[in-house]
Amino acid sequence: MRLKLLLPEVKVDEFAQPKRCPCNGCPGMVFIPRQKVSKNILDTKYQEVSAWRYECAKCGCTFRVYPEGVNKQQISKRVNGMAIMLYILGLSYGAVEIVLGSLGVSIGKTSVYRAVQSASEKVPGMKQKKLLTDYKTKAVGADVTSVRCNGKWIQIGISVDAVNGMVLSIDKLPGEDAEQLKAWLKPILDAVDADVLVTDDADGFKKVSDETGRSHQVCKSHVGRNTDELIDELSAIIAENQDHSLETIGIQAEQALADLAKLREMIHTRIPAEQSLLEAIYLRYANAPKPEKGKKHNVAYRIRNLFMDRWNLWPRLTFYRTWKDEYGNTILDGTNNHCERSIGWWIKERYRSMRGYKREQSALNVSRLIAFAGSRLSRGLNLADLMA
Ligand SMILES: [Zn+2]
């Protein structure tokens, strides 16, 4: 995980001119400075700063204007920023209190908690119901992960721009069945105007792509790994010569081993036109009988299912090879790596050092905050932007 966080500073001589009257509904635009007043603050450099008391020329109400890095709270933005930074780096709320206390800044862990949650709530977008305004992308990557919260596991869905990896939303999901995934993803696909969904090979996602009319790219790495494992397992059983199901459909062990070896090659080269070859191999095993209920699936039937599944999956697995931009370049790399990286960096990395969240909202807030910081690597995330 790489993050670039910029701490707010306190500039005692810099005051922003008031622009609006804070009194409810007052249209006043002219303000008269009345008095310089002093304010005690909790900061690493200053114990006291000056504030200005202004009067609204329209309604006569008075209000204070604070120097940069200070607001009506006692804790300076710099200290709140340090608290947020230490928390994101992996310290607990209590540990942040101890570290800052040892540096002479006594801030309670409740204040640390408030600083983290309040900054997180100001992260723009990243909610299914409130994505970044007007953000468009051709392809959305989606995945589901879980975190422990108050002793229970909660499902968290993450959606990303599958082209550049930017996180679109981090949401709590009621579950992972097809209907729940669709209820979560359809509004996101619609909002960003995406034509393509990128996911792992869970069946629920296939239904989402079919029912929302989106093309589907299933992660080639997932399928490659799963297929390799199955081929290893099936080949080993055939080599042991204990299972006689292939004989009953008239297939030699050498033929089955050769078919599996061919599949291993195809799953890694992923040539779109080879779908018909998969069909042809599937047909060799098509009449392998389904074992009786409760009986273990034999090798012939498992090979039949494996080829049928990969034959049907082929268009979703090879979609990225034929989907190109106007210059003829492929747009996707065929994996769901953007999503997996986002889960690892923005959801799981911080989570590793804790035993779980107490509140579901905190789990979402903190993940969104870290993801937002991660999307600001080039310029850095100015923590002051997330403070009132
Ligand atoms: Zn006013």
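**Exercise 1. The faces of strand 5**

Along strand 5 (residues 62-65), which side chains point to one face and are buried, and which point to the other and are not?

*Solution.* The model under study is predicted.

Step 1. In a regular strand, side chains alternate between the two faces of the sheet.

Step 2. In strand 5, Phe63 and Val65 point to one face, where they are buried.

Step 3. Thr62 and Arg64 point to the other face and are not buried.

**Exercise 2. The neighbour of strand 5**

Determine how strand 5 is joined to strand 4 (residues 48-56), and describe the turn.

*Solution.* Step 1. Strand 4 and strand 5 run antiparallel and are joined by four bridges.

Step 2. One pairing places Glu55 opposite Thr62 of strand 5. Thr62 belongs to the face of strand 5 whose residues are not buried.

Step 3. Five residues lie between the two strands, which form a hairpin. Gly60, located in the turn, has a positive phi of about 80 degrees.

**Exercise 3. Strand 8 and its two partners**

Trace the pairings of strand 8 (residues 152-161) and state how far this strand is covered.

*Solution.* Step 1. Seven of the ten residues of strand 8 are buried, and the strand is thus described as mostly covered.

Step 2. With strand 7 (residues 139-149), strand 8 runs antiparallel and shares ten bridges. Val147 stands opposite Ile154 of strand 8 in this pairing.

Step 3. Strands 7 and 8 form a hairpin with two residues between them. In the turn, Asn150 has a positive phi of about 55 degrees.

Step 4. Strand 8 also pairs with strand 9 (residues 167-173), in the antiparallel sense, over six bridges. Here Val160 has Val167 of strand 9 as its bridge partner.

Step 5. Strands 8 and 9 form a hairpin as well, with five residues between them. Gly165 in that turn has a positive phi of about 90 degrees.

**Exercise 4. Positive phi in two loops**

For Asp193 and Arg270, give the phi value, locate the residue, and decide whether each is buried or exposed.

*Solution.* Step 1. Asp193 is a residue other than glycine, yet its phi is positive, near 65 degrees. Asp193 lies in the loop between helix 4 (178-192) and strand 10 (196-199).

Step 2. Exposed means over 50% relative accessible area. The relative accessible area of Asp193 is 51%, and therefore Asp193 is exposed.

Step 3. Arg270, also a residue other than glycine, has a positive phi near 50 degrees. Arg270 is found in the loop between helix 8 (253-269) and helix 9 (275-285).

Step 4. Buried means under 20% relative accessible area. Arg270 has a relative accessible area of 9%, and therefore Arg270 is buried.

**Exercise 5. The protein as a whole**

Describe the overall build of the protein from its radius of gyration, box, burial and contacts.

*Solution.* Step 1. The protein contains twelve helices and twelve strands.

Step 2. The radius of gyration is 29 Å, whereas a compact globule of 388 residues would have one near 21 Å. Along the principal axes, the C-alpha atoms fill a box of roughly 100 × 45 × 35 Å.

Step 3. Of the 388 residues, 47% are buried. The protein exposes about 20,000 Å², and carbon and sulfur atoms supply 48% of this area.

Step 4. Among contacts between residues at least 6 apart in sequence, 66% join residues at least 24 apart.

Step 5. The protein has 57 positive and 45 negative charges, whose mean positions are 10 Å apart.

How values were computed
Residues numbered from 1 in each chain as written. Predicted model: local features only at pLDDT ≥ 70, side-chain atom pairs only at ≥ 80, totals over all residues. Heavy atoms only, no water. Rg over C-alpha atoms; globule rule 2.2 N^0.38 Å. Buried < 20%, exposed > 50% of the residue type's maximum accessible area, 1.4 Å probe, protein only. Contact = heavy atoms within 4.5 Å. Areas by Shrake-Rupley, 256 points an atom, 1.4 Å probe, with all protein chains shown as cover. Lys, Arg positive; Asp, Glu negative; His and termini not counted. Charge placed at Lys NZ, Arg CZ, Asp CG, Glu CD. Pairing = 2+ DSSP bridges.
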